[in-house]
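Biologist: Could you walk me through this model, one feature at a time?
Modeller: Gladly, let's look at it together.

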Amino acid sequence: MSRWVAVSATRRTDLGRERVALNSSYVRALIAAGLTPLLVPPLLDPARVGEALDAAAGLMLTGGEDMHPASYGEAPHAKLEETDRARDAVEMALYHAARRRRLPVLAICRGIQVVNVAMGGTLYQDLPSEHPSPINHVDPKGRHALRVEAASQLHGAVGDPASVNSRHHQAVKRLADGLRAVAWADDGVIEGAELANGDGSWLLAVQWHPEDDVEAGLFQAFARAVARTESARPPAAAGPR
């Protein structure tokens, strides 16, 4: 049975027309895991995100543009790239609403940054200038080694990948108090996080792009968590009709 999950989206302009967009790789990875994505537009009023989650048994936060540093009390860096403060507000509201509902959350690339900021952490606004390293995190074709904590949910899902396709120029700087780092690049950049205290909620947040590698283990772990949530709901609450 397909299980419904809310999925954040970006917006872009093509030929003068603004569109809500989501990379197909996310959709394919979710479908392959037996999940059905419900796109949540970044134009939604943050006060109404609960309506989107009422139809879902999980939340996935996707990649995209930079978060605006006003979200964590900093001034813009000279190399800050495109931002969308409306999307920032919607996704942070989605995350908080999902936590209140105890919905499982899978956060990818920008997603780990949204989770960290929503919980009180900060970001490197530009890794090349603020955290110089031999690793080129910005290279869209680059890969690097990853160390994953053995005693973590993330390790249970993905094991020890030989390398990951991590492409980003922002990253977690000060980790939020409610999170714990569970994966790192060789230069110390945090590449994975989960909740620090066991309150029954499920969260995996990664800085790389498992949807492009179709790392089935991560999406299957998410699907299992979604299935547990859906099975605990009254029948009338399971998915849109």
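Biologist: Where is valine 20 found?
Modeller: Valine 20 lies in strand E3, residues 17-21; strands (E, at least two residues) and helices (H or I, at least four) are DSSP runs numbered from the N terminus. This is a predicted model, where local features need pLDDT of at least 70, side-chain atom pairs count only at pLDDT 80 or more, and totals for chains, interfaces and linings use all residues. Residues are numbered from 1 along each chain as its sequence is written, and side-chain values use heavy atoms, leaving out hydrogens and water.

Biologist: Is valine 20 buried or exposed?
Modeller: Buried means under 20% relative accessible area, exposed over 50%, and partly exposed in between (1.4 Å probe, protein chains only). Valine 20 is partly exposed, because its relative accessible area is 37%.

Biologist: And valine 182, buried or exposed?
Modeller: Valine 182, in strand E10 (residues 179-184), has 0% relative accessibility, so it counts as buried. Contact means heavy atoms within 4.5 Å; leaving aside residues up to four places away in sequence, valine 182 touches residues including Arg147, Leu154 and Gly192.

Biologist: In what order do the strands of the open sheet run?
Modeller: Two strands pair if DSSP finds at least two bridges between them. Here 8 strands give the order E4-E1-E5-E6-E12-E11-E10-E8, with mixed pairing. Strands E4 (35-40) and E8 (147-148) are at the edges with a single partner strand each, so one side of each has no neighbour in the sheet.

Biologist: How many bridges join E5 and E6?
Modeller: E5 (residues 59-61) and E6 (residues 105-108) pair in the parallel sense over 3 bridges, and leucine 59 stands opposite valine 105 in E6.
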